[in-house]
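Thanks for coming. I will go through one model today, starting with a ring and then working outward to the rest of the chain.

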Amino acid sequence: MSQLFDYLIKASLCLGVVYLFYYWLLRPLTYYAWNRYFLLLATSLAFIIPLLPVDALMSDQPSAAVTFIRQFSLEKDQAAIASTAPERMALWQVLLPVFLVGSLVMLVRMLMQLTSLKKLRRSAPLLHERQYAFYQLPNEQSPFSFGNHVYLNRHLYNEEEFEKIIRHELVHVQQKHTIDVLLMEWVCIINWFNPFAWLIRQAAKQNLEFIADEQVLQEGHNRKGYQYLLLKVAREDQGFQLASPFLFPSLKKRIEMMNRDRTAGVHLLKFAVVLPLIVMLAVAFGQTSGKHSIKKADGEPYNLSSLTYRINDARVEAIVKEDQRNCLLKPGAALSLGLMSKEKDRLRTLLEQHGYANLPGNAIRFTIDTTLSPQRFAVEIAIHIANAGIQQVRLAQGNGYDQKAKDQTLIKQEKIINRVH
């Protein structure tokens with residue numbers, strides 16, 4: 001469940017970046033068709049990017065000019081993860097029911113609107129049907145379209161107004177704007193808690209109205225007459241919010257965009273920033289594997305060049321070398337962080353079995369050296385046992401590993417007893 005929680009957070013952040021990018025850079029442009037495709041593509045990718053593996057986008061190949069040595073202590077990272085896991089699970093157990101209830105309410109709301117629309121289509125008189133169907137609304141409701149159907153009350157308008165309304169709604173129908181509307185509804189169902197989801201839904205619907213207005217005016221209809229028609233329709237009932245209404249609530253913005261000069265072609269270069277934006281989102285919010293192999297730029301994994309040890313305790317060194325056949329790191333084989341993590345756990349277990357318990361987190365450290373070869377890594381395993389000499393003697397006495405040292409101690413004790421007597 002925590003993975004779903006992480007996914008929703010990442011998708012929400014992606015959606016926020018998409019909206020801010022559109023609002024500040026693309027919204028003022030009069031390239032409404034371009035803006036439509038951006039909103040469709042970027043909004044869809046906001047929910048896909050958190051699922052994409054991005055390991056291939058990250059190259060761990062060392063630079064020819066700058067080499068580096070990686071050191072890490074997995075105990076610290078694992079302890080941090082373990083300490084936060086219960087808190088995350090408790091938080092998710094509270095948020096999951098809230099999320100599901102909210103999404104269910106939004107889904108029921110959309111289904112109710114679709115059901116109401118279906119009932120209206122059954123009861124409304126059919127005016128005309130060929131490629132597209134036109135239905136007569138029974139009341140003073142604003143014209144709207146959904147799918148291949150247009151709904152309007154023809155008795156409220158004169159011939160000129162009726163033609164403008166038909167042209168406007170046919171733009172929505174012919175360009176299949178219903179797809180945009182339904183997509184944004186699903187965005188709000190999945191991401192209802194995110195204010196950016198509602199903002200991008202409003203922006204997408206508003207941009208569809210810009211497209212339809214522009215098409216009507218390009219066909220030669222009078223600009224002022226068309227704007228007066230918008231003001232007349234503003235007094236009518238707005239009807240179904242799920243559909244594409246003739247009058248979108250932001251009437252002032254629509255009139256402002258109609259009166260704006262066409263954006264210069266050079267501003268199309270702003271859309272060139274979209275690709276770097278998508279790559280940035282993929283790197284920032286894409287799915288990464290915590291145990292991925294270290295890979296070169298060509299995608300091939302690095303191999304382990306050599307494995308060496310640096311151990312400050314002779315007995316520990318003997319234990320490790322005696323069990324070398326069970327080592328998980330094999331020279332010539334692929335090298336991965338997950339494999340090194342398992343090897344570290346194996347070494348810790350091995351030492352515990354020989355009496356070295358309660359080792360500190362930094363007692364076993366790995367150093368990955370990339371300076372020796374342009375294509376292969378060398379690994380050094382450092383094992384540092386604090387007070388190694390004292391601990392070794394104690395272990396030998398307690399477990400009978402050094403019988404000679406024990407015998408010498410007994411002889412000294414007997415001499416002391418004889419001297420006292």
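Is phenylalanine 193 buried, partly exposed or exposed? Phenylalanine 193 has a relative accessible area of 36%, so it counts as partly exposed. Before going on, note that this is a predicted model.

Phenylalanine 193 has an aromatic partner, phenylalanine 99. The ring centres are 6.1 Å apart, with 70° between the planes, and the pair is edge-to-face. In sequence the two residues are 94 apart: phenylalanine 99 is in helix H3, while phenylalanine 193 is in the loop between helix H5 (177-190) and helix H6 (195-218). The pair therefore links distant parts of the chain, and its helical member is buried, as phenylalanine 99 has 13% relative accessibility.

How many aromatic pairs does the structure hold? The count is ten. Another of them is tyrosine 23 with tryptophan 24, whose ring centres are 5.1 Å apart. Their planes are at 85°, so this pair is edge-to-face. Tyrosine 23 is partly exposed at 28% relative accessibility, whereas tryptophan 24 is exposed, at 65%. Both rings belong to a cluster, linked by ring pairs, that also takes in Tyr19 and Phe196.

One more ring, with a charge this time. Tyrosine 31 has arginine 262 over its face, 5.8 Å from the ring centre.

Next, the overall numbers. The protein has 421 residues, and 43% of them count as buried. Its secondary structure consists of 13 helices and nine strands. The accessible surface is about 23,300 Å², and carbon and sulfur atoms make up 58% of that. Among contacts with a separation of 6 or more, 74% are between residues 24 or more positions apart.

Now salt bridges. The structure has 15 salt bridges. I will take three of them, then a network.

Two share glutamate 256. In one, the side chain of glutamate 256 meets that of lysine 253, at 3.5 Å from N to O. Where do these two lie? Both are in helix H8, residues 251-258, three residues apart, which is about one turn of the helix. Lysine 253 is buried, with a relative accessible area of 17%, and glutamate 256 is partly exposed at 35%. In the other bridge, glutamate 256 pairs with arginine 260, and the closest N and O atoms are 3.0 Å apart. Arginine 260 is partly exposed as well, with a relative accessible area of 31%.

The third bridge joins arginine 310 and glutamate 380, at 3.2 Å from N to O. What parts does this pair tie together? Arginine 310 sits in strand E7 (residues 303-311) and glutamate 380 in strand E9 (residues 376-383), so the bridge connects parts that are 70 residues apart in sequence. Glutamate 380 has a relative accessible area of 24%, so it counts as partly exposed.

As for the network, Arg109, Glu185 and Arg201 are joined into one by salt bridges that share partners.

From charges to nonpolar surface. Which residues make the nonpolar surface patch of about 290 Å²? They are Leu104, Val108 and Met112. Valine 108 is in helix H3, which covers residues 74-123. At 38% relative accessibility, valine 108 is partly exposed. A residue needs over 30% relative accessible area to be part of a patch, so valine 108 at 38% passes that cut-off.

Last, a residue from the interior. Isoleucine 166 is in helix H4, residues 159-174. Its relative accessibility is 14%, and since buried means under 20%, isoleucine 166 counts as buried. What does isoleucine 166 touch, not counting residues up to four places away in sequence? It touches Phe134 and Leu152. Isoleucine 166 and valine 216 are 50 residues apart in sequence, and their C-alpha atoms are 9.6 Å apart in space.

To recap two items that span the sequence: the ring pair of phenylalanine 99 and phenylalanine 193 links parts 94 residues apart, and the salt bridge of arginine 310 and glutamate 380 ties together parts 70 residues apart. That is the end of my part.

Definitions and conventions. Residues are numbered from 1 along each chain as its sequence is written. This is a predicted model: local features need pLDDT of at least 70, side-chain atom pairs count only at pLDDT 80 or more; totals for chains, interfaces and linings use all residues. Side-chain values use heavy atoms; hydrogens and water are left out. A salt bridge is a side-chain nitrogen of Lys or Arg within 4 Å of a carboxyl oxygen of Asp or Glu. Helices (H or I, at least four residues) and strands (E, at least two) are DSSP runs, numbered from the N terminus. Buried means under 20% relative accessible area, exposed over 50%, partly exposed in between (1.4 Å probe, protein chains only). Patches are made of residues with over 30% relative accessible area and no salt bridge: like charges are joined within 9 Å, nonpolar side chains (Val, Leu, Ile, Met, Phe, Trp, Tyr) within 5 Å. Accessible areas come from the Shrake-Rupley method with a 1.4 Å probe; for residues, only the protein chains shown count as cover. Contact means heavy atoms within 4.5 Å. Rings of Phe, Tyr and Trp (its six-membered ring) pair if their centres lie within 6.5 Å; planes under 30 degrees apart count as stacked, over 60 as edge-to-face and the rest as tilted. A charge sits over a ring if NZ of Lys or CZ of Arg is within 6 Å of the ring centre and within 35 degrees of the ring normal.
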